[in-house]
Amino acid sequence: MELTRPAKLDETHDLSTFDCGEDSINEYLVKKALKSQRAKHASVFVTCIKGTATVVGYYTLSSGQVLRSSVVPKKAQRNSPDMHPVTILGRMGVCKTAQGQGLSLDLLKDAIERSLWASDAVASTALIVHPLNERLATFYEKTGFIRCSPLSPISMMLPFT
């Protein structure tokens with residue numbers, strides 16, 4: 001299946017057949033994503049089947065901050081501000097029809113690249129993710145994310161240093 005590069009969600013995208021197998025991820029995309037993006041609460045990036053507007057994958061990015069004591073690795077806490085600016089990888093989903101083809105890794109790579117690029121213009125020291133379960137936490141660990149237990153038992157951080 002040939003896909004488009006991730007682009008910002010807009011009204012022309014077809015969300016009607018999106019089903020990643022997780023109701024909360026599906027519902028956000030279909031019912032809340034565009035509203036959230038318009039309100040500047042998150043930027044939503046979608047990938048479609050090439051030549052169509054049918055969305056088969058998406059992720060969200062937003063900004064946030066964490067306490068210095070939550071930053072990993074510990075050495076990054078030295079001589080740093082009380083609050084660290086971060087980028088948050090919120091929801092991410094891949095339609096069942098596109099699962100098992102590496103799209104999750106492609107979306108994650110795009111999210112990391114966009115976050116690094118944006119961190120040059122608007123300071124951010126890391127990418128934070130809050131996986132829904134241990135299976136997803138393992139996926140993120142394999143890509144370099146570090147568990148960040150001071151935030152929550154399953155939160156993870158990819159430092160930009």
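**View 1. Strand 2 and strand 3 of the predicted model, paired in the antiparallel sense.** The two strands are joined over six bridges, and one of the residue pairs to look for here is Cys 48 with its bridge partner Val 55, which lies in strand 3. Both strands also help to cover another element, since strand 2 (43-48) and strand 3 (55-67) are included in what covers the buried residues of helix 2.

**View 2. The open sheet, formed by seven strands.** Across the sheet the strands follow the order 1-2-3-4-5-7-6, and their pairing is mixed. Strand 1 (7-8) and strand 6 (146-147) stand at the edges with a single partner strand each, so that one side of each is left without a neighbour in the sheet.

**View 3. Strand 7 between strand 5 and strand 6.** Strand 5 pairs with strand 7 in the antiparallel sense over four bridges, while strand 6, which also runs antiparallel to strand 7, is joined to strand 7 by two bridges. Met 156 in strand 7 is a useful residue to find in this view, for Val 129 stands opposite Met 156, and Arg 147 likewise stands opposite Met 156.

**View 4. Helix 2 and the elements that cover its buried residues.** Helix 2 takes in residues 103-121, 19 residues in total, and reaches 28 Å from its first C-alpha to its last, which is close to the 27 Å expected at 1.5 Å a residue. Its buried residues are Leu 103, Leu 107, Leu 108, Asp 110, Ala 111, Ile 112, Ser 115 and Ser 119. An α-helix has 3.6 residues a turn, so residues three or four places apart point the same way. Among the elements covering the buried residues of helix 2 are strand 4 (83-94), strand 5 (126-129), helix 3 (134-142) and strand 7 (156-159).

**View 5. Asp 110, a residue of helix 2.** Asp 110 counts as buried because its relative accessibility is 7%, under the 20% limit used for that term. Leaving aside residues up to four places away in sequence, Asp 110 touches Arg 5, Pro 6 and Tyr 59.

**View 6. The protein chain as the setting for these close-ups, with three helices and seven strands.** Read along the sequence, the protein chain follows the pattern β-α-β-β-β-α-β-α-β-β. The radius of gyration is 16 Å, close to the 15 Å that the globule rule gives for 161 residues, so the protein chain is as compact as a globular protein of that length. Buried residues make up 41% of the 161 residues.

Key:
Residues numbered from 1 in each chain as written. Predicted model: local features only at pLDDT ≥ 70, side-chain atom pairs only at ≥ 80, totals over all residues. Heavy atoms only, no water. Expected span 1.5 Å × (residues − 1). Buried < 20%, exposed > 50% of the residue type's maximum accessible area, 1.4 Å probe, protein only. Contact = heavy atoms within 4.5 Å. Pairing = 2+ DSSP bridges. Rg over C-alpha atoms; globule rule 2.2 N^0.38 Å.
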